[in-house]
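Grab a coffee and let's take a stroll through a protein chain together. We'll start on the inside and work our way out to a few odd spots.

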Amino acid sequence: MNKPINVMIADDHSMVREGIKQILEFDGEIRVNAEAGSGKECIDILDDKRTDVLLLDINMPNMNGLQVLQYLREKKVNIKILILTIHNEVEYLMRAVDIGVDGYVLKDSDSSVLKRAIFTINGGDTFIQPELSTILKKRLEDKNSNAKKFDDILTRREIEVLKLLTEGLFNKEIAYTLSISEKTVKNHVSNIFKKINVSDRTQAAVYAIKHNIVDIF
């Protein structure tokens, strides 16, 4: 028999963790070797435990699941990560995919789906719950279409300025980030306002988010 897959469960509800543990360990192919109730605790425990797959909830205190995912990817930690969440909104899924998640499953799924997802990503493939993959594909196609459309309206530099503006940066900070003068940033902002027909930074930010020029996270 192959060695069991070591799984860590990060979820702030102890009863949820216990239920998932019982389901996963039922046939002996998966072993839950660690649990965490917050994002920070998850990261701390991972330093001491050899884990193959991390089951990660999104809603957690002290760093949510997406923040943990981002941290682990930036640190290039060698672990497969499966988001297990109640959130079926495609925006959460898109953000997780952008960061580099290996799998995404909803908590109301059958246990067989969860197990299949764990085996799939442990084997090196990705797993997006089938009901969500169609929605994701459609949204990505829309996003790419919008990106191409705005390439015709705004220059590459104007899109960069708009993204930073949407993050709340001031002209001086945008200038520093892009290594250009503050005067040049002011000119870009003025041109952006004219091209997308808005009158202030808030309207520009709302426009950028609404048209998928930037992510909402």
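The largest nonpolar core has 27 residues. A nonpolar core here is a set of buried Ala, Val, Leu, Ile, Met, Phe, Trp, Tyr and Cys residues joined through side-chain atoms within 4.5 Å. Buried means under 20% relative accessible area, exposed means over 50%, and partly exposed is in between, using a 1.4 Å probe and protein chains only. The residues with the most contacts inside this core are Met 8, Cys 42, Leu 54, Leu 56, Leu 69, Ile 81 and Tyr 104. Elements that give two or more residues to it include strand E1 (5–10), helix H2 (39–46), strand E3 (53–56), helix H3 (65–74) and strand E4 (80–85). Helices (H or I, at least four residues) and strands (E, at least two) are DSSP runs, numbered from the N terminus.

Before going on, keep in mind that this is a predicted model, where local features need pLDDT of at least 70, side-chain atom pairs count only at pLDDT 80 or more, and totals for chains, interfaces and linings use all residues. Residues are numbered from 1 along each chain as its sequence is written, and side-chain values use heavy atoms, with hydrogens and water left out.

Which residues does Ile 81 touch, leaving aside its neighbours within four places in sequence? Ile 81 is in contact (heavy atoms within 4.5 Å) with Leu 54, Leu 56, Leu 69, Leu 72, Arg 73, Val 101, Asp 102, Gly 103 and Ile 121. Apart from the largest core lies another one, with 20 residues, including Leu 169, Val 185, Ile 192 and Tyr 207. In soluble globular proteins, nonpolar side chains tend to be buried together.

Now zoom out. The chain has 10 helices and six strands, and 44% of its 217 residues count as buried. Among contacts with a separation of 6 or more, 63% are between residues 24 or more positions apart.

Next stop: Asp 57, in the loop between E3 and H3. Is Asp 57 buried or exposed? Asp 57 counts as buried because its relative accessibility is 5%. Setting aside neighbours within four places in sequence, Asp 57 is in contact with Ala 10, Asp 11, Asp 12, Gly 65, Leu 84, Thr 85 and Lys 107. Asp 57 and Ile 9 are 48 residues apart in sequence, yet their C-alpha atoms are 8.3 Å apart in space.

Asp 57 and Ile 9 also both line the largest cavity, along with Ala 10, Asp 11, Ile 20, Leu 55, Leu 56, Leu 84 and Lys 107. E1 and E3 each supply at least two residues of that lining.

Finally, here are three loop residues to find in the picture.

| Residue | Loop | Relative accessibility |
|---|---|---|
| Met 63 | between E3 and H3 | 28%, partly exposed |
| Ser 179 | between helix H8 (171–178) and H9 | 67%, exposed |
| Asp 200 | between helix H9 (182–196) and helix H10 (201–210) | 30%, partly exposed |

Two of these have a backbone quirk. Phi of Met 63 is near 90°, and phi of Ser 179 is near 55°. Why mention that? Most residues other than glycine have a negative phi. As for Asp 200, its C-alpha atom is 9.5 Å from that of Ser 190, 10 residues away along the chain.

Key
1 Å grid on protein atoms, 1.4 Å probe; cavity = no way out; pocket = protein on both sides within 12 Å on 5 of 7 lines; lining within 4 Å.
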